[in-house]
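Open the structure in your viewer and keep the selection tool at hand. This tour goes stop by stop, from helix pairs to the whole chain and then to two loops.

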Amino acid sequence: MSEQVPLFLAPMAGVTDVAYRLLARESGADFTSTEFTAASGLSRKDAKSWAKVETHPRESPFIPQIFGGIEDEMVETAQLLSKDADVIDLNFGCPAPKVTKTCAGAAMMGEPENLVRMVERCLENSEVPVSVKMRLGINQETLTVLEIAERCAELGVLRVCVHGRTLSQKYRGIADWDMIAKVVEVCEPHNTPVIANGDIVDADSAAKCLEVTGAQGLMIGRGAIGDPCIFGRIKSELGWEDFEAPWGDSNQAGQKHWAWNRYVELVDEIGGPYAARNMKQHAISFTKGLPGGRELRPHLHAIKDFRLIGEPLNIALEAFSQRRHNTLMVQEAIEAAATASEAGGWRR
Ligand SMILES: Cc1cc2nc3c(=O)[nH]c(=O)nc-3n(C[C@H](O)[C@H](O)[C@H](O)COP(=O)(O)O)c2cc1C
């Protein structure tokens, strides 16, 4: 049996809003962080950027993630955030062209000197520990991760998270866990924990990834979209700690049903103009794999008022969890969605 390690919800733009992070914690994740936020926006005091790094008293530790290609902006932002954050995470993994064209995100993996100097200055100027999240390099010809991870460890970062793909792979191919094992080796002499990331989707892949990499933690991204209970399931299935599942002994469908309703409650509790901004996308994700999900999705898409999206999905998930996923229930959910979509209101 694998030794227990902490489980991290991967930062994901458009997914890991405050409510979803609290939900992941309740579902067994040990650590969460915000989606990546531009240092350029934060250092300009842009309200929308600051909304992305909002937190909640129950989210402890609070780990905002930032990215940027301009060293001074990153340093200033780390300084600003470190007044409220517990840890600041620096993103060197984003492959999106709008990010890499400013030499930020994963593009920094092609500039080891600049990256290391940025990390060093953020460490010097932050009042709290700094962690880094990176890819393997720009492409198979320039795998810079070993050099960069080792130098970051030498500088004293709190931990190094590695997504086992290169920038040019984006999300294609298979995450290279063997390479992450090498990162673990180079960070070991500095006692710097390495968090393995990429293609962990259930207890089996979690155990396999730990076996291959020997990492000190696991990070899960896409596997937690529409299924935050993955964290608790991994812990129970691997026989780790007594994780007391808030969904009781429900099957996976029942877990989704619990999670969706809890998400709606948390969004309501958090309130404010931004709490529900990803709600429709989450609703669509929760329908993946649901019998009748394909038929239901366009109707959910059509709902303009995000507050009305909860009920139709609730009907469908309830039916699914009670194994009453017959066409009548799907039809009932579709009708509820159609009624909701006729109501006017806030448009995403
Ligand atoms: C929709 C989406 C948004 C993402 N946004 C971020 C982000 O804001 N910051 C970041 O470091 N990585 C981001 N990632 C990458 C994930 O954190 C993670 O490294 C990647 O998905 C690989 O892990 P997985 O195989 O478990 O999904 C994003 C991934 C997805 C699918």
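In which hand does helix 7 pass helix 8? The crossing is right-handed. Keep in mind that this is a predicted model.

**Stop 1: helix 7 and helix 8**

Select residues 145-155 for helix 7, then residues 177-187 for helix 8. The axes of helix 7 and helix 8 lie 9 Å apart, at an angle of about 30 degrees. Helix 7 is therefore roughly parallel to helix 8.

Now show the side chains. Helix 7 brings Val-145, Leu-146, Ala-149, Glu-150 and Ala-153 to the contact. Helix 8 answers with Met-179, Lys-182, Val-183, Val-186 and Cys-187. Colour these residues by class: 8 are nonpolar, 2 are charged and none is polar.

**Stop 2: helix 8 and helix 9**

Keep helix 8 and add helix 9, residues 203-213. The two axes come within 8 Å and cross at roughly 50 degrees. Helix 8 and helix 9 are therefore oblique to each other.

Which residues meet here? From helix 8, pick Trp-177, Asp-178, Ile-180, Ala-181 and Val-184. From helix 9, pick Cys-209, Val-212 and Thr-213. The contact of helix 8 with helix 9 has 6 nonpolar residues, 1 polar and 1 charged.

**Stop 3: helix 11 and helix 14**

Move on to residues 252-270, helix 11, and residues 310-321, helix 14. Their axes come within 8 Å and cross at roughly 160 degrees. An angle over 145 degrees counts as roughly antiparallel, so helix 11 is roughly antiparallel to helix 14. The crossing of helix 11 and helix 14 is left-handed.

On helix 11, select Ala-253, Gly-254, Lys-256, His-257, Trp-260, Asn-261 and Val-264. On helix 14, select Gly-310, Leu-313, Asn-314, Leu-317, Glu-318, Phe-320 and Ser-321. The residues of this contact divide into 6 nonpolar, 6 polar and 2 charged.

**Stop 4: the two domains**

Zoom out and give each domain a colour. Domain 1 is 7-237, and domain 2 is 253-342. Their centres, taken over C-alpha atoms, are 30 Å apart.

How many residues of each domain are in contact with the other? There are 17 from domain 1 and 17 from domain 2. Which element gives the most to the domain 1 side? Select residues 18-26: this is helix 1, which supplies 6 residues. The side of domain 1 that touches domain 2 has 10 nonpolar, 4 polar and 3 charged residues.

**Stop 5: the whole chain**

Switch to a cartoon view. The protein chain has 15 helices and 8 strands. Its C-alpha atoms fill a box of roughly 60 × 50 × 35 Å along the principal axes. The radius of gyration is 21 Å, which agrees with the value near 20 Å for a compact globule of 348 residues.

**Stop 6: two loops**

Most peptide bonds are trans, and most residues other than glycine have a negative phi. Two places are worth a look with that in mind.

Select Ser-60 and Pro-61 first. A cis peptide bond joins them, with omega about 0 degrees. Pro-61 sits in the loop between helix 3 (47-52) and strand 3 (65-67).

Then select Cys-103. Where is Cys-103 found? Look in the loop between helix 5 (97-100) and helix 6 (112-125). The phi of Cys-103 is near 60 degrees, a positive value in a residue other than glycine.

Technical notes. Residues are numbered from 1 along each chain as its sequence is written. This is a predicted model: local features need pLDDT of at least 70, side-chain atom pairs count only at pLDDT 80 or more; totals for chains, interfaces and linings use all residues. Axes are lines fitted to C-alpha atoms, for helices over the stretch in contact, and angles run from 0 to 180 degrees between N-to-C directions. Helices (H or I, at least four residues) and strands (E, at least two) are DSSP runs, numbered from the N terminus. Angles under 35 degrees count as roughly parallel, over 145 as roughly antiparallel, 65 to 115 as roughly perpendicular and the rest as oblique. A crossing is left-handed if the near helix is turned anticlockwise from the far one by less than a right angle, and right-handed if clockwise. Two residues are in contact if their C-beta atoms, placed from the backbone, lie within 7 Å. Ala, Val, Leu, Ile, Met, Phe, Trp, Tyr, Cys and Pro count as nonpolar, Asp, Glu, Lys and Arg as charged, and the others, Gly among them, as polar. Domain bounds come from an automatic or database domain assignment. The radius of gyration is taken over C-alpha atoms; the globule rule is 2.2 Å times the number of residues to the power 0.38.
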